[in-house]
Amino acid sequence: MKSTIENLGPTRVRLAIEVPWSDLDHAFGEVYKELGRQVRVPGFRPGKVPNRVLDQRIGRPVVLEQVVQHAVPEVYSEAVRENQVRVISQPDVEVTRLDDGEALAFTAEVDVAPTLELPSLDSLAVTVDDVEVSDEEIDAQVSVMRERFATLSGVERAAEDGDFVSIDLEATLDGQVLEDGSTTGMSYEVGSGGLMAGLDEAVRGLSADESATFSTALLSGEDAGREAEVTVTVRSVKAKELPELDDEFASIASEFDTLAELRDDVRTRLSRTKVLQQGAQARDKLVEHLLETIEVPVPENMVTQELAWRSQAMERELQQAGMDWDAYFSAAGIEGGREEYDAELRENVEKAVKTQFILDSIADAREVTVDNEDLSAQIMAQAQRNRVSPEQYAQQLQQGNNIADFVADVRRTKALAQLLEETTITDESGNVVDLEALRPRTVAAPSDDAAADEADADAEGTDEVVTDAEAAVDDAEGSTDKP
């Protein structure tokens, strides 16, 4: 096999491949074997029909066409490996020569990962927000705790914001009650604005057994966007009574004896959260810096395919929710409609693609590798995030044929983590942020043998996928990985 590469642009190449006829023996063998099982020829048992008879029976051109279909994918993959081409899409193949008994030649145009010129990464620095916890933030957290211990008591007055009312609802369109358009005994907090537009205005000022009618736009279903008439009837009004903010409240709502101790604990917890946010902010700012300083050409075909996939996925979600695009744009506050949505989606996709190319290039330059510990840790983390067992998550990776992509993502994450460790991170006050303080602490070992066995069983559930992932590492780091 002979192959040459022609650069068509920073992210696209054309492979010209020529295969001697002798190299097609395997493809011919597979094709004749399959045809022998399918074609029935009088006088011959299935699978025993001579090749020359098959040629005569179905035609030599048909045989050659199937040989080409069988041989091209294998030969193309071999050429990609030999030339160390990192392809990121399916190739556009064109057979340019098919001389029976002599040679097969074809071209394959394909998108490839760009070769990036990385700047010096030795003196990177980012600035993150200070860790400051205000009294207002503490008050807000304590108020949330206070709400949990609130009590409700019936009142003989009109409903006000903050009251809880029991209501009946009936929605009609063109004088007809909508399917699933009525309910009784629903509890609702006046002023929350969480159910439908216009409800708060209608309920506010109503006493028990009083009704009001208002118009509101339907958000889902085949009539989404149309104005429906909704009648709301208040059945009861209850006022929310909050406990006094004192030491007694602190002892009831927490393990602390005084309100001062409770507030100190809230401050500590908020500070810890903000310290973790510093780490995430440092990572995001580092990525933004890399995107601003490194020129990354983006394959348009790759972006177009990703945009189409995301749009289709969004359409499926909207259909399942009984919504159309206009209803979604209204609920999400997207004033520019589909044009604004598509523009923002394209920007996000291009940014994600560029980030992957940059991190792949950094991983290549630093020869970052992925080992068992990296894979197992990421499987455990993703399983916890998806609320499944590590074994279940590993099975999902295998069933979806996503192991190579998973390894590539782990490698990128590792490269970014290494770079972040070498980056100088300071807060706005000039204090150096210690990344070691942001690292999650090791979980304590199980306290008994049964728990230990259970933990071991979960870990063993990742062994098979880790083994498969190791086999995919070369692909993820080499020529055929999809970023």
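**A note on charged side chains in this model**

1. Let's start with one pair: Arg269 and Asp265 join their side chains in a salt bridge, with N and O 2.8 Å apart. Please keep in mind as you read on that this is a predicted model. Why can such pairs form at all? Side chains of opposite charge can pair when their charged atoms come close.

2. Where do these two partners sit? Both belong to helix H7, which covers residues 259-293, and because they are four residues apart there, about one helical turn separates Arg269 from Asp265. Try finding both on the helix in the view above. Is Arg269 buried or exposed? Arg269 is partly exposed, since its relative accessible area is 47%.

3. Now for a pair that joins two helices. Glu300 and Arg346 make a salt bridge in which the closest N and O atoms are 3.1 Å apart. Glu300 lies in helix H8 (residues 300-321) while Arg346 lies in helix H10, so this contact ties together parts that are 46 residues apart in sequence. Glu300 is partly exposed at a relative accessible area of 42%, and Arg346 is partly exposed too, at 29%.

4. The next pair involves loops. The side chains of Glu422 and Arg366 meet in a salt bridge, 2.9 Å from N to O. Glu422 is in the loop between helix H13 (403-421) and strand S11 (424-427), and Arg366 is in the loop between H10 and helix H11 (372-385); the pair links distant parts of the chain, 56 residues apart. Glu422 has 42% relative accessibility and counts as partly exposed. Arg366, at 27%, counts as partly exposed as well.

5. How many salt bridges does the structure hold? There are 33 salt bridges in the structure. Some charged residues form a network rather than a simple pair: salt bridges link Glu6, Arg12, Arg14, Asp92, Glu109 and Asp111. It is worth picking out these six side chains in the view above.

6. Finally, have a look at a group of like charges. Which residues gather in a patch of negative charge on the surface? They are Glu335, Glu339, Glu340, Glu344 and Glu347. One of them, Glu335, is found in the loop between helix H9 (325-332) and helix H10 (337-365). Glu335 counts as exposed because its relative accessible area is 80%, and the cut-off for exposed is over 50%.

Note on methods:
Residues numbered from 1 in each chain as written. Predicted model: local features only at pLDDT ≥ 70, side-chain atom pairs only at ≥ 80, totals over all residues. Heavy atoms only, no water. Patch = residues over 30% accessible without salt bridge, like charges linked within 9 Å, V, L, I, M, F, W, Y side chains within 5 Å. Areas by Shrake-Rupley, 256 points an atom, 1.4 Å probe, with all protein chains shown as cover. Salt bridge = Lys/Arg side-chain N within 4 Å of Asp/Glu carboxyl O. Lys, Arg positive; Asp, Glu negative; His and termini not counted. Charge placed at Lys NZ, Arg CZ, Asp CG, Glu CD. Helix = DSSP H or I, 4+ residues; strand = E, 2+ residues; numbered from the N terminus. Buried < 20%, exposed > 50% of the residue type's maximum accessible area, 1.4 Å probe, protein only.
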